[in-house]
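Colleague: I should be grateful for a close look at a single part of this model, set in the context of the chain as a whole. Please begin with the surroundings of the ligand and then turn to one helix in detail.

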Amino acid sequence: MEGGNKKRYNTNTQIVMNDMDEQPSMARSGIKSQRRLTLWLSSIDEAKLAMELNNTEPLTAVSAQAAAVLLLLLLLLRFARATTMAGDRKSVLLSKLPSPPLRLPVIGHMHLVGSLPHVSLRDLAVKHGPDLMLLRLGSIPTLVVSSPRAAEAVLRTHDLAFASRPRAMIPDIITYGATDSCYGPYGDHFRKVRKAVTVHLLNSHKVQAYRPAREEEVRLVIAKLRDAAAGAAAPVDMSELLHSFANDLICRAVSGKFFREEGRNKLFRELIDTNASLLGGFNLEDYFPSLARTKLLSKVICARAMGVRRRWDQLLDKLIDDHATRLVRRHDQDQDDDDDAQQQQDSDFIDILLYHQEEYGFTRDNIKAILVDMFEAGTDTSYLVLESAMVELMRKPHLLAKLQDEVRRVVPKGQEIVNEDNIVDMVYLKAVIKETLRLHPPAPLYIPHLSREDCSINGYMIPTGTRVFVNAWALGRDANFWDMPDEFLPERFMDFNIDFKGHDFHFLPFGSGRRMCPGIHSATVTLEIMLANLMYCFNWKLPAGMKEEDIDMTEVFGLTVHQKEKLFLVPQAA
Ligand code: HEM
């Protein structure tokens with residue numbers, strides 16, 4: 001077990017809990033915070049009384065609301081106090097870090113985290129901790145890293161110290177006790193999982209081997225768009241189209257080429273969306289873990305996650321059984337047939353995981369956890385970047401025209417679609433993708449990291465068990481480094497050599513170090529081949545009556561950040 005922490009097993013839900021979650025509460029003294037809360041509550045009471053006297057509001061609704069708020073606050077206070085006592089030394093160390101004022105009893109700085117946390121955390125950091133800033137989110141002290149210098153310290157200099165993940169109820173259920181790659185705490189099992197996904201699915205060699213499948217999936221998208229272009233010039237839902245492209249691509253690499261006929265891709269999408277809605281955002285149970293562990297609340301909180309996990313189980317068990325049967329059949333055939341190369345080519349990721357299951361010592365649940373990860377991480381990232389690239393290009397038609405010029409110039413005349421060999425020379429295409437990732441990193445705060453040991457950064461001692469957000473969105477918009485940081489200007493990447501492979505700490509859309517995204521190669525070729533083909537095969541128009549400035553750029557924060565409105569465009573054959 002990491003960091004010498006004790007494990008605890010909640011017998012109701014069979015979730016493995018970790019004492020690291022039980023952070024000291026927001027208040028240095030629970031008693032002080034109780035007093036402040038009592039004052040706050042009595043002021044609510046006075047307000048209610050005043051309302052009664054003035055008869056300004058329908059009383060029943062107000063008192064029901066106030067009673068509910070009161071009950072919740074009392075519960076929160078009870079559990080905040082319970083967790084206060086443990087970490088005195090830790091509290092002293094944390095109290096030295098820069099931190100915003102306006103910390104409230106019980107909820108701490110939670111009220112300062114708006115609906116777009118990457119934006120509000122950047123704004124807070126500018127005022128209260130440009131490198132490192134401590135927020136008390138409920139009972140959880142959370143370190144926010146906002147400068148390239150601090151990001152380098154956390155992700156490179158002290159990479160190993162910050163390589164773990166905090167545990168929480170819902171991810172634990174969905175990822176089979178955090179035995180996956182995304183949410184798994186750092187340790188032996190995590191390293192095995194990381195090795196398995198890298199060696200057998202995501203390294204550049206494997207990604208290259210999936211090229212024919214990728215090009216086939218691109219052809220299917222282009223065929224759909226050609227049909228639309230040949231029809232009544234009706235707008236196409238590009239968000240939907242690109243989402244199913246990313247989903248189909250990962251389904252195919254992971255579970256084989258027959259997923260579509262069996263309608264599994266649709267089911268995968270539904271489950272991936274439900275996972276995202278459960279895992280995304282700032283959830284109450286993540287910041288009041290003790291509260292979430294009470295029987296009644298844990299039942300309520302876990303019910304939906306358990307429901308989706310049962311549906312994943314059904315789907316993945318069937319998939320694994322089918323693959324296992326096929327593997328046995330193949331093995332029998334192997335005796336008299338040696339078309340090994342063909343068999344290798346037909347193997348998907350599930351085949352390979354089953355083949356190597358014993359070598360890695362994976363249980364069936366471990367395999368399921370890895371599969372859930374791949375479907376989730378592989379879909380809701382690439383499609384968002386493609387969508388954002390199209391949004392930005394539609395808002396700046398001269399840049400769209402410039403990109404089309406490049407793509408059409410490089411591809412030999414008469415070729416039906418762009419292939420991956422053509423892309424090598426498309427420098428502007430690569431600049432457009434980088435600029436999109438700079439402005440719209442799909443995971444702007446990453447997945448939270450957790451420190452595994454005390455660690456000194458910039459003269460501050462960060463204690464073991466501190467939760468860490470790296471604000472990649474803020475790094476990409478740092479005005480000290482980027483000219484006109486909020487403008488979409490792909491040309492900036494033509495002038496100087498900076499990339500997203502985790503060495504340039506101003507630009508880390510895929511992260512850096514041990515927890516860096518292992519899907520970077522797969523994502524890069526997917527983004528390049530799809531965007532190049534959209535540019536090569538079609539001219540693009542906004543739906544009738546819509547102007548560039550009408551495109552809604554409002555974002556919504558969740559597991560990933562996405563545009564609030566879907567993107568509809570009219571394709572015209574080039
Ligand atoms: C444009 C596309 C993508 C972007 C921008 C992206 C970005 C990220 C980021 C920022 C992280 C978290 C890094 C951290 O916590 O320090 C991450 C983790 C991860 N990504 Fe990606 N990703 C993309 C596509 C993919 C794809 C296609 C896959 C696999 C099919 C994938 C698999 C993963 C996994 C398994 C992790 C967890 C790694 C760990 O915790 O050790 N990603 N990604």
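**The ligand shell and helix H9**

Modeller: In this predicted model, the residues of the shell around the ligand comprise 18 nonpolar, seven polar and three charged. The ligand is surrounded by 28 residues, and the closest are Ala377, Gly378, Gly511, Cys517 and Gly519. At least two residues of this shell come from each of helix H7 (188-202), helix H18 (364-379), helix H19 (382-395) and H25. The largest contribution is that of H18, with four residues.

The wider setting is a protein chain with 25 helices and 13 strands. Of its 574 residues, 45% count as buried. Among contacts in the protein chain with a separation of 6 or more, 77% join residues 24 or more positions apart.

The single part that I would examine is helix H9, which runs over residues 211-230. Its 20 residues reach 28 Å from the first C-alpha to the last, close to the 28 Å expected at 1.5 Å a residue. Buried in H9 are Arg214, Glu217, Val218, Val221, Ile222, Leu225 and Ala228. Seen down the axis of H9, these buried residues fall within an arc of 135°, so they line one face of the helix. On the other side of H9, Pro212, Ala223, Asp227 and Ala230 are exposed.

The cover over the buried residues of H9 includes two helices, H10 (238-255) and H25 (520-537). Strands S5 (236-237), S10 (538-541) and S13 (568-573) are also included in that cover. H25 thus links the two topics: H25 is part of what covers the buried residues of H9, and H25 also supplies at least two residues of the shell around the ligand.

Notes
Residues are numbered from 1 along each chain as its sequence is written. This is a predicted model: local features need pLDDT of at least 70, side-chain atom pairs count only at pLDDT 80 or more; totals for chains, interfaces and linings use all residues. The expected span of a helix is 1.5 Å times one less than its number of residues. A residue is buried if 20 or more other C-beta atoms lie within 10 Å of its own, exposed if 12 or fewer, and partly exposed in between; C-beta atoms are placed from the backbone. The arc is that of the directions from the helix axis to the C-beta atoms. Two residues are in contact if their C-beta atoms, placed from the backbone, lie within 7 Å. A residue is near a molecule or strand if its C-beta atom, placed from the backbone, lies within 6 Å of it. Ala, Val, Leu, Ile, Met, Phe, Trp, Tyr, Cys and Pro count as nonpolar, Asp, Glu, Lys and Arg as charged, and the others, Gly among them, as polar.
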